[in-house]
Amino acid sequence: MSTNNLLNLTTSTSAVWGGLKDDPDAPGFAVRGALPGDPDGVELMLEGWQAGMEEATHSHPGDDMTIVVEGCMHVQFYTRSEMQLVADGEVLVLNKGDVGYIKANRIHSAKYIEDCKLVYVHNGVFGFNEE
(Lines give C-alpha, C1' and ligand atoms only; values in the text may rest on other atoms or scores of the structure.)
Protein backbone atom coordinates (compact mmCIF):
# COMPACT_ATOMS: atom_id res chain seq x y z
CA MET A 1 0.00 0.00 0.00
CA SER A 2 1.45 3.37 -0.94
CA THR A 3 0.88 6.63 0.87
CA ASN A 4 0.51 10.02 -0.77
CA ASN A 5 1.64 12.56 1.79
CA LEU A 6 -0.42 15.60 1.04
CA LEU A 7 1.19 18.62 2.65
CA ASN A 8 3.66 16.25 4.36
CA LEU A 9 1.02 14.62 6.57
CA THR A 10 1.79 11.12 7.81
CA THR A 11 0.54 8.80 10.51
CA SER A 12 2.93 10.70 12.81
CA THR A 13 1.69 14.19 11.94
CA SER A 14 -2.01 13.84 11.02
CA ALA A 15 -4.52 14.50 13.77
CA VAL A 16 -6.48 11.45 12.53
CA TRP A 17 -3.96 9.25 14.39
CA GLY A 18 -3.70 11.50 17.46
CA GLY A 19 -5.32 10.46 20.70
CA LEU A 20 -4.61 6.74 20.58
CA LYS A 21 -5.15 5.39 24.08
CA ASP A 22 -3.34 2.39 25.55
CA ASP A 23 -5.64 -0.50 26.39
CA PRO A 24 -4.71 -1.68 29.91
CA ASP A 25 -6.13 -5.14 29.14
CA ALA A 26 -4.03 -5.58 25.99
CA PRO A 27 -0.39 -4.50 26.43
CA GLY A 28 1.09 -3.11 23.24
CA PHE A 29 -2.33 -2.20 21.82
CA ALA A 30 -3.71 1.33 21.55
CA VAL A 31 -7.04 2.41 20.09
CA ARG A 32 -8.98 5.53 19.27
CA GLY A 33 -12.72 5.07 19.23
CA ALA A 34 -15.32 6.45 16.92
CA LEU A 35 -17.80 9.20 17.65
CA PRO A 36 -20.15 9.45 19.49
CA GLY A 37 -18.89 6.76 21.89
CA ASP A 38 -15.44 8.36 22.17
CA PRO A 39 -15.80 12.17 22.47
CA ASP A 40 -12.17 12.56 21.31
CA GLY A 41 -12.71 10.09 18.47
CA VAL A 42 -12.94 10.09 14.72
CA GLU A 43 -15.78 9.71 12.29
CA LEU A 44 -15.49 6.82 9.88
CA MET A 45 -17.38 6.41 6.62
CA LEU A 46 -17.36 3.71 3.98
CA GLU A 47 -18.04 5.51 0.72
CA GLY A 48 -19.04 4.35 -2.74
CA TRP A 49 -18.71 6.73 -5.70
CA GLN A 50 -19.70 6.12 -9.32
CA ALA A 51 -17.24 6.92 -12.10
CA GLY A 52 -17.69 10.47 -13.41
CA MET A 53 -19.03 11.91 -10.15
CA GLU A 54 -17.38 15.07 -8.78
CA GLU A 55 -17.36 16.76 -5.40
CA ALA A 56 -17.59 20.55 -5.50
CA THR A 57 -14.69 22.57 -4.14
CA HIS A 58 -14.80 22.26 -0.34
CA SER A 59 -12.87 21.88 2.90
CA HIS A 60 -13.31 20.00 6.18
CA PRO A 61 -12.75 21.29 9.73
CA GLY A 62 -10.45 18.40 10.68
CA ASP A 63 -7.64 16.39 9.10
CA ASP A 64 -8.87 13.50 7.01
CA MET A 65 -7.51 10.28 5.62
CA THR A 66 -8.84 8.41 2.59
CA ILE A 67 -7.94 4.81 1.76
CA VAL A 68 -8.81 3.78 -1.80
CA VAL A 69 -10.07 0.20 -1.58
CA GLU A 70 -11.17 0.08 -5.23
CA GLY A 71 -10.97 2.48 -8.16
CA CYS A 72 -9.18 5.69 -9.06
CA MET A 73 -9.86 9.27 -7.98
CA HIS A 74 -8.28 12.68 -8.59
CA VAL A 75 -7.85 15.42 -5.98
CA GLN A 76 -7.14 19.05 -6.87
CA PHE A 77 -6.03 21.51 -4.20
CA TYR A 78 -6.77 25.24 -4.28
CA THR A 79 -5.71 28.45 -2.61
CA ARG A 80 -7.78 31.59 -2.30
CA SER A 81 -6.36 34.62 -4.13
CA GLU A 82 -8.21 37.94 -4.25
CA MET A 83 -11.60 36.31 -3.57
CA GLN A 84 -11.17 33.56 -6.17
CA LEU A 85 -9.89 30.01 -6.03
CA VAL A 86 -6.67 29.15 -7.86
CA ALA A 87 -5.49 25.59 -8.53
CA ASP A 88 -2.54 24.79 -6.28
CA GLY A 89 -0.25 22.19 -7.83
CA GLU A 90 -0.83 19.21 -10.05
CA VAL A 91 -3.82 16.91 -9.76
CA LEU A 92 -3.13 14.16 -7.26
CA VAL A 93 -4.06 10.68 -8.49
CA LEU A 94 -5.10 8.11 -5.87
CA ASN A 95 -5.41 4.49 -7.03
CA LYS A 96 -6.43 1.26 -5.35
CA GLY A 97 -4.27 0.77 -2.25
CA ASP A 98 -3.25 4.43 -1.94
CA VAL A 99 -3.74 6.46 1.23
CA GLY A 100 -4.21 10.22 1.07
CA TYR A 101 -4.14 12.71 3.94
CA ILE A 102 -5.64 16.19 3.75
CA LYS A 103 -4.96 18.85 6.38
CA ALA A 104 -7.88 20.55 8.12
CA ASN A 105 -9.38 23.48 6.17
CA ARG A 106 -7.37 22.67 3.00
CA ILE A 107 -9.54 23.60 0.00
CA HIS A 108 -9.88 20.79 -2.53
CA SER A 109 -12.16 19.04 -5.00
CA ALA A 110 -12.42 15.38 -5.95
CA LYS A 111 -13.32 13.58 -9.15
CA TYR A 112 -13.98 9.86 -9.35
CA ILE A 113 -12.38 8.49 -12.53
CA GLU A 114 -13.48 4.89 -11.89
CA ASP A 115 -16.12 3.47 -9.58
CA CYS A 116 -14.57 3.88 -6.12
CA LYS A 117 -14.90 2.25 -2.74
CA LEU A 118 -13.22 4.34 -0.02
CA VAL A 119 -12.58 4.20 3.70
CA TYR A 120 -12.80 7.80 4.92
CA VAL A 121 -11.65 8.86 8.40
CA HIS A 122 -12.23 12.40 9.71
CA ASN A 123 -10.58 13.77 12.84
CA GLY A 124 -13.43 14.79 15.14
CA VAL A 125 -16.94 15.61 14.03
CA PHE A 126 -17.27 15.59 10.21
CA GLY A 127 -18.03 18.85 8.46
CA PHE A 128 -18.29 19.86 4.80
CA ASN A 129 -17.69 23.53 3.95
CA GLU A 130 -18.49 24.39 0.35
CA GLU A 131 -16.02 26.98 -0.92
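## Charges

Lys and Arg count here as positive and Asp and Glu as negative, while His and the chain ends are not counted. A charge is placed at NZ of Lys, CZ of Arg, CG of Asp or CD of Glu. On that basis the chain has 8 positive and 20 negative charges, and the mean positions of the two sets are 1 Å apart.

## Basis of the model

This is a predicted model, in which local features need pLDDT of at least 70 and side-chain atom pairs count only at pLDDT 80 or more, whereas totals for chains, interfaces and linings use all residues. Residues are numbered from 1 along each chain as its sequence is written, and side-chain values use heavy atoms, with hydrogens and water left out.

## Fold and dimensions

The chain contains 13 strands and 0 helices. Both terms refer to DSSP runs numbered from the N terminus: helices are H or I runs of at least four residues, strands E runs of at least two. Along the sequence the pattern reads β-β-β-β-β-β-β-β-β-β-β-β-β.

The C-alpha trace spans about 50 × 35 × 25 Å along its principal axes. The radius of gyration is 15 Å, which agrees with the value near 14 Å for a compact globule of 131 residues. This radius is taken over C-alpha atoms, and the globule rule is 2.2 Å times the number of residues to the power 0.38.

## Burial and contacts

The accessible surface of the chain is about 7,600 Å², and carbon and sulfur atoms hold 53% of that area. Areas come from the Shrake-Rupley method with a 1.4 Å probe; for residues, only the protein chains shown count as cover. Of the 131 residues, 37% are buried (under 20% relative accessible area; exposed is over 50%, partly exposed in between).

Among contacts (heavy atoms within 4.5 Å) with a separation of 6 or more, 77% join residues 24 or more positions apart.

## Thr 57

Thr 57 lies in strand β5, residues 54-59. Thr 57 counts as buried because its relative accessibility is 18%. Leaving out residues up to four places away in sequence, Thr 57 touches Tyr 78, Leu 85, Ile 107, His 108, Ser 109, Asn 129, Glu 130 and Glu 131.

## Cysteines

A disulfide is a covalent bond between the sulfur atoms of two cysteines. Here the criterion is a pair of cysteine sulfur atoms within 2.5 Å, and the count is 0 disulfides. Cys 72 is in no disulfide, and its nearest cysteine sulfur belongs to Cys 116, 6.7 Å away. For Cys 116, the closest cysteine sulfur is that of Cys 72, and 6.7 Å is too far for a bond.

Cys 72 counts as buried, with 7% relative accessibility. Cys 116 also counts as buried, at 2%.

Terms used: Buried < 20%, exposed > 50% of the residue type's maximum accessible area, 1.4 Å probe, protein only.
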